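Morning, everyone. Please have the sequence and the structure open while I talk.

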Amino acid sequence: MIKRYFSLLLIVLISLRLSAQVWVVPAENELRKSPFAFDDASRKAGSEIYNASCKSCHGEPGKNNPIPLVPPPPDFASVKMQSNSDGALQFKVTAGRGPMPSFKNTLSATDVWRVISYARSFNDKYVQEVSKSSEAGGASVQNVKIQISWLKDKNQVQASLSAMKDKVNQPVAGAEVKLFAKRYFGNLLIDEARTTDALGNALFNFPADLPGDSAGHVQLIARLTNEAIFGEAKADSVLIIGVPTYRPPLNEQRAMWNVVSKTPIWLLLAYTIAVLGAWGFIIYVFLQIRAIFLAGSKKDPDSAE
Amino acid sequence: MSHNSNSTGHDHSGREEDNQNSRRAFFKNFGLLGAVAAAGGAAIYSGYKYEESKPGHDFVKVLTSDNRIVEVPRDQIKDIRVDVDKLQKQGREGLKGHRFVMVIDLAKCRNARKCISACQGAHHLRPYEYHINTLVMQESEHTAPYFMPKPCQHCDNPPCVAVCPVDATFKRQDGIVLIDNERCIGCRFCIAACPYSARLFHWEEPLMAEADKGKPYNIELNVPQRKGTITKCLFSSDRLREGKLPYCVSACPNGVYYFGDENQDAVTNGTTKETFRLSELLRVNAGYQLMAELGTKPRVYYLPPKNRLFEFKDEKDPVQEPT
């Protein structure tokens, strides 16, 4: 009897523990909505992002074939996934938890919304609520163009933002921009996020010691942080502002561990001299023995008599 | 003498007549051959036309990489042949203009063992065969214990490469030390020479020996593994070639690993994908190398286990024993 109570208690405890693992989403995130209406274009873009970044764990939507993890990654078409609000999904993709990685630094906010747009295509009952601020006409400023230039005298990189408004190209003020330098595995944040001034310019202090390629080229990427207001904008340009860096291949030096053709010269000489010396000595000894033998076999004129 | 000049038996014919005869014979033969060729060609062509016009091709069901089953005519299937020579050549040369480095933040490691399982999955290793060992470290009785993942250090002055008698293990231009299982004779000199115990010997038949049989050998992946040879951490050189972070680095849930290029002075965290200046990271966190006093010049840096935010639990290694 006691055993039964104990097992009951155990079950209650386990279920409590499980419920404690609920992923809590902050209230403000829960209510956040997509800045744009989901359409075929966003669903298509979302499906491409899904295939590249999500499918390896979550499997194919509707087929319930995620990889075996604990807890299992939910299927995109499942009730568990679809019962989340748009804002909650956006928060979870961005923040990550446990085996679910954070996509904060790998997907832009717009790309996350595109994935959500794709996820919602598996829910027939879903009706989208677009964010209020963008309902008036999407992002208030559209088609923002960013230009990156190098101010040599100030050692600064300038990002100039402009957009077509009333058919005139006008600067965009008050937009937050981040500048990155492209590296092999990711983008390195340069300085910090800056806001554009009245002329649409944002200035970034560029580190004087950042290595570029052998000619000093550095690929710079400028990106808007507030995509809800300004839409998505990104600029990509290569400037000669890095420290020209050429480092020889690590297997170029002559070393003990390197291939035979890269043997250290002292080792090559020492070895050759040692081998030649040893064989030379042996040959010399044989020659001496032969000389003795010849000398001995020669008829001594005195003893012959 | 004359019978030697014509072996076909025209002993009495003159030289001119003989020539004409052979020319005639030649044209005759040529015409015959042409006719035969034309007839044969026509037959083949009509056969081809017939095959072409047949309503049902011979279809084969094929599973595509995006998990769809499609039907493809059997005669249009081409085998993808992996060029082993090319794999060997690119594996020996390495990636130009890079010097790969790894930074391991000991303060963050809580022995989640995800790096180990990702590595073992990629390189077809058994649960007790480690390219990365996670050691429990305690410097002295009154200091705090911590976990230390220890992969191959990819030394710039590698003792293992110096002792290899057959050039099976080698250092590439991007700093990675690899092992060629096809060249390795299993002498295990390198195991004896390595001060970090980073190398592993296949005493038994490798885990997926049967399934991997006949697969082209990828020197940057060490797959298929081979019995009687060495295997070791490869910094996932096959992934680096694609611009991706190593298996272990991207599998870590706790942000322990940073990986990057010393030439670009940047390392990227595998968990958050945030990129940092390598020099800055090492300077601020007092980064160090393992047994640097040996002069091996390791390419792996450690950040000391300061400010650990979790309790250290001395858990038994769940996969210590062979299963």
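I'll take the two chains in turn, then the cores, one glycine and the contact between the chains. Keep in mind that this is a predicted model.

Chain A to begin. It has 305 residues, and buried residues make up 24% of them. Its secondary structure comes to 10 helices and eight strands. Sequence-distant contacts matter for the count here: of the contacts in chain A with a separation of 6 or more, 59% are between residues 24 or more positions apart. The chain is divided into domain 1, residues 23-133, and domain 2, residues 145-240. The C-alpha centres of these two domains of chain A lie 29 Å apart.

Now look at one helix pair in chain A. How do α3(A) and α6(A) cross? Helix α3(A) covers residues 40-58 and α6(A) covers residues 109-120; their axes come within 7 Å and cross at roughly 100 degrees. Angles of 65 to 115 degrees count as roughly perpendicular, so α3(A) is roughly perpendicular to α6(A). Which residues meet there? On the α3(A) side, they include Ser42(A), Ala45(A), Ile49(A), Tyr50(A) and Cys54(A). On the α6(A) side, they are Asp111(A), Arg114(A), Val115(A), Ser117(A) and Tyr118(A). By class, this contact has six nonpolar, four polar and three charged residues.

On to chain B. There are 323 residues, of which 34% count as buried. The chain has nine helices and 14 strands. Residues 24 or more positions apart account for 57% of the chain B contacts with a separation of 6 or more. The domain assignment gives domain 1 as residues 12-53 and domain 2 as residues 84-303. In chain B, the C-alpha centres of the two domains lie 68 Å apart.

Next, the cores. As background, nonpolar side chains tend to be buried together in soluble globular proteins. The largest nonpolar core here has 79 residues. Which of them touch the most other members? Those are Val103(B), Cys248(B), Tyr257(B) and Val267(B). Strand β3 of chain B, residues 100-105, gives the most to this core, with five residues. Take Val103(B). Beyond its neighbours within four places in sequence, Val103(B) is in contact with Tyr258(B), Val267(B), Leu281(B), Gly287(B), Tyr301(B) and Leu303(B). Apart from this core lies another, of 13 residues. Its members include Phe36(A), Leu89(A), Phe103(A) and Tyr118(A). You have met Tyr118(A) already, in the contact of α3(A) with α6(A).

Now the glycine. Gly270(B) sits in the loop between β11, residues 266-269, and β12, residues 275-277, of chain B. Is Gly270(B) buried or exposed? It has 27 C-beta neighbours inside 10 Å, so it counts as buried; the cut-off is 20 or more. What does Gly270(B) contact? Leaving aside neighbours within four places in sequence, the list is Leu245(B), Val249(B), Ser250(B), Cys252(B), Tyr257(B) and Phe259(B). Tyr257(B) is one of the core residues I named a moment ago.

Last, where the chains meet. Here 29 residues of chain B are in contact with 23 residues of chain A. On the chain B side, the elements that give two or more residues are α5 (159-163), β10 (257-261) and β11. Which element gives the largest share? That is β10(B), with three residues. By class, the chain B side has seven nonpolar, 13 polar and nine charged residues.

That's my tour. Over to you.

Notes
Residues numbered from 1 in each chain as written. Chains lettered and ligands numbered in written order. Predicted model: local features only at pLDDT ≥ 70, side-chain atom pairs only at ≥ 80, totals over all residues. Helix = DSSP H or I, 4+ residues; strand = E, 2+ residues; numbered from the N terminus. Buried ≥ 20, exposed ≤ 12 C-beta atoms within 10 Å, placed from the backbone. Contact = placed C-beta atoms within 7 Å. Nonpolar A, V, L, I, M, F, W, Y, C, P; charged D, E, K, R; others polar. Axes fitted to C-alpha atoms, helices over the stretch in contact; angles between N-to-C directions. Parallel < 35°, antiparallel > 145°, perpendicular 65-115°, else oblique. Domains from an automatic or database assignment. Core = buried A, V, L, I, M, F, W, Y, C linked by C-beta atoms within 7 Å.
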